[in-house]
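Grab a pencil and work through these exercises with the structure open beside you. Try each task yourself before you read its solution.

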Amino acid sequence: MFPLNDTLKTIHKRHSVRRFTEQDVSDEQIRLLLQAANEAPSAHNQQSWKFIVIRNTKKQELAQLVTGRSGEFPKPASALLRMAARSILSAPIVIAVANTGDLIEHGTQLFKIEKEMAKDFFRTMEIQSSAAAVENMLIAATALGLATVWLGILFLIKDDILQFLGEPKGEFMAVIPVGYAERTGTGPQKEPFEMKVKYLE
Ligand SMILES: Cc1cc2nc3c(=O)[nH]c(=O)nc-3n(C[C@H](O)[C@H](O)[C@H](O)COP(=O)(O)O)c2cc1C
């Protein structure tokens with residue numbers, strides 16, 4: 001079998017962590033995470049993402065916002081929102097990712113297809129591009145010995161989150177607490193990839 005190199009080992013090692021130690025994340029580490037995210041492929045190379053680094057008082061405010069709104073949702077969703085708030089509080093830093101909407105605006109003019117179809121197409125392209133950036137960030141964090149979790153549940157309160165981030169015209173992508181894992185461990189078992197593959201030849 002082909003031996004795993006460092007990149008493949010890092011991909012294999014990445015798993016979600018929801019509780020962090022008090023150890024801080026340095027500015028240099030943050031810079032490396034942002035740089036890795038920014039290296040991601042993007043549709044039309046539009047790089048239609050924005051990264052917002054949240055620390056200190058603003059991080060507390062974000063956790064409060066999430067906890068405050070959690071009560072408006074039925075039990076499973078409210079529990080997940082409260083869990084997300086605890087992860088945000090526990091991590092020394094949080095990085096949010098939002099789409100700018102630039103590609104949607106640009107692309108719709110660029111392609112001469114019907115407006116609604118163009119909007120749908122470019123919105124999807126923006127989401128896929130930012131998802132690639134988020135994954136780059138998670139992998140880079142793992143390579144630096146850091147831990148992360150991709151919080152998608154905040155989509156439920158996306159308008160408030162975007163307002164909080166100062167990106168009211170953007171689209172919510174992810175909120176990612178970053179820090180050192182409170183406990184060592186591995187993530188859940190994945191189904192064998194063979195179950196997900198078919199070959200057409
Ligand atoms: C789009 C997306 C949204 C997610 N949202 C949440 C979330 O809101 N809360 C959470 O605890 N984990 C969230 N996760 C993490 C998943 O629960 C996790 O990736 C999955 O259970 C597999 O575990 P692993 O990351 O350790 O491999 C999300 C992951 C993705 C890709």
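**Exercise 1: the pocket lining**

The lining of the largest pocket splits into four nonpolar, five polar and four charged residues (Ala, Val, Leu, Ile, Met, Phe, Trp, Tyr, Cys and Pro count as nonpolar, Asp, Glu, Lys and Arg as charged, and the others, Gly among them, as polar). A quick note before we go on: this is a predicted model, where local features need pLDDT of at least 70, side-chain atom pairs count only at pLDDT 80 or more, and totals for chains, interfaces and linings use all residues. Residues are numbered from 1 along each chain as its sequence is written, and side-chain values use heavy atoms, with hydrogens and water left out.

Task: find which residues lie nearest the centre of the largest pocket.

Solution:
- Step 1. Get the term straight: on a 1 Å grid over the protein atoms alone, a pocket is an open set of points where a 1.4 Å probe fits, with protein on both sides within 12 Å along at least five of seven lines; lining residues have an atom within 4 Å of a point.
- Step 2. The lining has 13 residues, and His12, Gly187, Pro188, Gln189 and Lys190 lie nearest the centre.

**Exercise 2: the sheet**

Task: work out which strands stand at the edges of the sheet.

Solution:
- Step 1. Write down the order of this open, four-stranded, antiparallel sheet: E1-E2-E4-E3. Strands (E, at least two residues) and helices (H or I, at least four) are DSSP runs, numbered from the N terminus; two strands pair if DSSP finds at least two bridges between them.
- Step 2. E1 (49-54) and E3 (147-148) each have a single partner strand, so one side of each is left without a neighbour in the sheet.
- Step 3. Now look at E2 (residues 93-99) and E4 (residues 171-179), which pair antiparallel over seven bridges. Isoleucine 95 sits opposite isoleucine 176 in E4.

**Exercise 3: the core**

Task: find which element gives the most residues to the largest nonpolar core.

Solution:
- Step 1. A nonpolar core is a set of buried Ala, Val, Leu, Ile, Met, Phe, Trp, Tyr and Cys residues joined through side-chain atoms within 4.5 Å (buried means under 20% relative accessible area, with a 1.4 Å probe and protein chains only).
- Step 2. The largest one has 23 residues, and Ile54, Leu62 and Ile88 are among those with the most contacts inside it.
- Step 3. H4 gives the most to this core: five residues.

Terms used
Buried means under 20% relative accessible area, exposed over 50%, partly exposed in between (1.4 Å probe, protein chains only).
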